[in-house]
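This report looks at charged side chains and the nonpolar core in the structure below. It begins with charge pairs and their exposure.

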Amino acid sequence: MTIWEAIILGLVQGLTEFLPVSSSGHLTLLQAAFGIEENSMLFSILLHFGTLISVFICFWRDIVEMVREFFLLLRDACRGEWNLHKTPMRRQMVMVVLATIPMVVAVFINDYIESFFTSTLLVGFMLLITAALLVVTDMHGFGRKDASTATWRDALIIGAMQLVAIIPGISRSGTVMTGGALRGYSRPFAVKFAFIMSIPVIIGANIFSVVDAVKESIDPALILPCLVGVFVAMLSGIAAIKLMNMLVRRKSFRPFVLYCTLMGLISIVLSLIF
């Protein structure tokens, strides 16, 4: 793997992980179009680690407060006080945990889903579905729920919707934001919830690959490309989060609808021709 390939993969991973356009779908299309093979499992894990760092940088206050509330919850439980709604941040922490539970199903179907990552035709159709979900989100609109008023049922339903996003071409962040809109989340909270939910998802998606990655013989020539890829993924991830927070004020996902539709149609046409 060259430095340029690492830069391209890191850039695509960082930008598409948080914008509602599907990172897995774009990586599949990129590899098919340019013959770039993400053949190192360790490199794949490191790229996701780079985007994980970007979430911690952008939402460190929320994360610190959620971790603090977790330990305070344990302390209260030891005292016989099991109050899951004591503070909005504790409520948010519990909702993130609940929304992650449906992703356990992915463990049992992971081998089946992996076969989808070689089909650019499938990715094309799934990008069209992502565009449709964003249209539904714009048409339905957002509500006023935030961390202090969202319910456990909301979190479980959004988590179940997120499970669909393991198919390449379906945007995880877009699906979560659609679920948030349908459940009456405010637009800022739906976006923030989608980003914070990426933490357990990114960790969980790679935890079963760590052992295999460690077994890989590490080529010294890959060390620099790996470091460059992680750095680029982190920077582009931060840029994507900032961009999404800025665009959310415009109250429309139309640019992403047009983009996903265009990419989806191009992918379908090219896959049928070639």
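## R75 and its partner D76

In this predicted model, R75 counts as partly exposed because its relative accessibility is 35%, and exposed would require over 50%. The side chain of R75 meets that of D76 in a salt bridge, with a distance of 3.2 Å from N to O. D76, in turn, counts as buried because its relative accessibility is 1%, where the cut-off for buried is under 20%.

## The network around R90 and E69

R75 and D76 belong to a network of salt bridges that also links E65, R68, E69 and R90. Within this group, the side chains of R90 and E69 meet in a salt bridge of 2.9 Å, taken from N to O. This pair links distant parts of the chain, since R90 lies in helix α5 and E69 in helix α4, which covers residues 60-78, and the two are 21 residues apart. Both R90 and E69 are buried.

The count of salt bridges in the model comes to 8.

## A buried arginine without a salt bridge

What is the nearest side chain of opposite charge to R91, and how far away is it? It is D146, at 7.2 Å, and R91, although buried, has no salt bridge; the distance is too long because a salt bridge requires the nitrogen to be within 4 Å of a carboxyl oxygen. R91 is placed in helix α5, which spans residues 88-100. When neighbours within four places in sequence are left aside, R91 is in contact with L84 and H85, and also with A147, S148, T149, A150 and T151.

## The pair D154 and R183

D154 forms a salt bridge with R183, and their closest N and O atoms are 2.6 Å apart. Here too the pair links distant parts of the chain: D154 is in helix α8 (residues 152-163), whereas R183 is in the loop between α9 (172-182) and α10 (187-207), 29 residues apart. D154 counts as buried because its relative accessibility is 0%, while R183, at 23%, counts as partly exposed.

## Y185 and the nonpolar core

The largest nonpolar core has 45 residues, of which Y185, F193, M244 and F256 touch the most other members. Helix α10 gives this core its largest share, 10 residues.

Not counting residues up to four places away in sequence, Y185 touches a set of residues that includes D154, M95, F142, I158 and F193. Charged residues are also among those touched by Y185, including R144 and K145.

Definitions and conventions
Residues are numbered from 1 along each chain as its sequence is written. This is a predicted model: local features need pLDDT of at least 70, side-chain atom pairs count only at pLDDT 80 or more; totals for chains, interfaces and linings use all residues. Side-chain values use heavy atoms; hydrogens and water are left out. Helices (H or I, at least four residues) and strands (E, at least two) are DSSP runs, numbered from the N terminus. Buried means under 20% relative accessible area, exposed over 50%, partly exposed in between (1.4 Å probe, protein chains only). Contact means heavy atoms within 4.5 Å. A nonpolar core is a set of buried Ala, Val, Leu, Ile, Met, Phe, Trp, Tyr and Cys residues joined through side-chain atoms within 4.5 Å.
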